[in-house]
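Student: Please take a close look at the ligand site in this structure. I would also like to see what lies around it and elsewhere along the chain.

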Amino acid sequence: RPRVLSGIQPTSGSFHLGNYLGAVRQWVALQESHDAFYMVVDLHAITIPQDPARLRESTRLAAAQLLGAGLDPERCTLFVQSHLAEHAQLGWVMNCMTGFGEASRMTQFKDKSAKQGAEGTTVGLFTYPVLQVADILLYQAEQVPVGEDQRQHVELTRDVAERFNARYGHTFTVPRPRIVRETAKIYDLQDPTAKMSKSAPSAKGRIDLMDDPKVSAKKFRSAVTDTGTEVRYDPENKPGVSNLLVIHSALTGITVPELEEKFTGQLYGPLKTEVAGVFTDWVTPFRNRVLEYLDDPAELDRLLARGAEKARAVASVTLRETYDRVGFLPPA
Ligand code: TYM
């Protein structure tokens, strides 16, 4: 079974539809066919300021959403990043393997640091991608299922892994991104040229999975489209309509050409209403499952503790080997 690994930030309480369609949905499918490791990346979350009590709650909420989406702790390893010291430990070694210029080219850092301003930009935000390198290499992951916005970080991981292997001898599996083309980038409903994002200035164009479905339905119905009338997949000229078609298709399994045919001769209104309905039908049971998991935080914590144990069995081996390769004196 090929190994996959991925992570998601607990930052804001709810995952958004882009997180789900771009990443989490693939994670659920891959646990059937792959040796799968998935984590809530709380170390990454503190690269921007977090309220401690809220971070703890959103970490549980993230785990509950992953379970609600269909991750099964019997079929995958689900854990919290900070439960393993190995991530920070390998992260340091990877910091020493990454060029300053190389890290400076990360586009997510440029975007995020622009939002934080010079004062608010921490060194942690800068080395964030390098911690991600460590996350991936610790598990010898072959594939990393992510959305398009993470491609550059996985490419960095490849470069650093190859560099380490060349310098110290083969130590790490060189991973590749696993990105589902159709849903690699879900767009903001109000600005369909921008990706749906946790940090968007307005939540109007973002579908948060834990919101009241009525709120989301309304967002779908007021999605920005174009001045035309034809329901057609054309991301260039009809980004809003195309985004709605992609979302519909992903949630129902009906292909985009079939949807185009179905909506022939109809205006955008019926499409928006139908996507709102399709989403509501999917999200309602999802939300209920998440709330059930949250009802028993002790059980959730136990489950995450077991996940951490399984993860450590792999991560500790890689870390020991790495320390040895680098030349650290083993503790007596
Ligand atoms: P994060 O928490 O920002 O996002 C989690 C996943 O959701 C995907 N995603 C999207 N996909 C499609 N359309 C969108 N609009 C959209 N927005 C987000 C992301 O691509 C991601 O797959 N750095 C990572 C977390 C991380 C990680 C890792 C991932 C830490 N260590 C190791 C893989 C492997 C992040 O911030 O994802």
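Tutor: The ligand site comes first, followed by two single residues and the salt bridges.

This is a predicted model, in which local features need pLDDT of at least 70, side-chain atom pairs count only at pLDDT 80 or more, and totals for chains, interfaces and linings use all residues. Residues are numbered from 1 along each chain as its sequence is written, and side-chain values use heavy atoms, with hydrogens and water left out.

The ligand is surrounded by 28 residues, where a residue is near a molecule if one of its heavy atoms lies within 4 Å of it. The closest are Y128, D135, G147, D149 and I186. By class, this shell holds 11 nonpolar, 12 polar and 5 charged residues; Ala, Val, Leu, Ile, Met, Phe, Trp, Tyr, Cys and Pro count as nonpolar, Asp, Glu, Lys and Arg as charged, and the others, Gly among them, as polar. Three elements each supply at least two residues of the shell: β1 (3-8), α1 (17-33) and α7 (123-138). Helices (H or I, at least four residues) and strands (E, at least two) are DSSP runs, numbered from the N terminus.

Among the polar contacts (pairs of N or O atoms within 3.5 Å), the side chain of D149 places an N or O atom 2.4 Å from an oxygen atom of the ligand. Two glutamines approach ligand nitrogen atoms: a polar side-chain atom of Q132 is 2.9 Å from a nitrogen atom of the ligand, and an N or O atom in the side chain of Q150 is 3.1 Å from a nitrogen atom of the ligand. The protein buries 97% of the 720 Å² that the ligand exposes when taken alone; these accessible areas come from the Shrake-Rupley method with a 1.4 Å probe.

Helix α1 also contains N19. N19 counts as buried because its relative accessibility is 14%; buried means under 20% relative accessible area, exposed over 50%, and partly exposed in between (1.4 Å probe, protein chains only). Leaving aside residues up to four places away in sequence, N19 touches I8, V24 and K198, a contact being heavy atoms within 4.5 Å. Q9 is 10 residues from N19 along the chain, and their C-alpha atoms are separated by 9.9 Å.

In the loop between α7 and β4 (143-145) is Q140. Q140 is not a glycine, yet has a positive phi of about 55 degrees. With a relative accessibility of 22%, Q140 counts as partly exposed.

The whole structure has 17 salt bridges, each a side-chain nitrogen of Lys or Arg within 4 Å of a carboxyl oxygen of Asp or Glu. One of them joins R60 to D301, with the closest N and O atoms 2.9 Å apart. This pair links distant parts of the chain, 241 residues apart, with R60 in helix α3 (residues 52-69) and D301 in helix α13 (residues 297-326). R60 is partly exposed at 23%, and D301 is partly exposed at 32%.

R151 forms a salt bridge with E148 at 2.8 Å between the closest N and O atoms. R151 has a relative accessible area of 33% and is therefore partly exposed; E148, at 30%, is partly exposed. Another salt bridge brings together the side chains of E182 and R181 (3.4 Å, N to O). Here E182 is partly exposed at 48%, whereas R181 is exposed at 68%. Elsewhere, salt bridges with shared partners join E32, D72 and R75 into one network.

Conventions: Polar contact = N/O pair within 3.5 Å; in protein donor to acceptor, adjacent residues only side chain to side chain.
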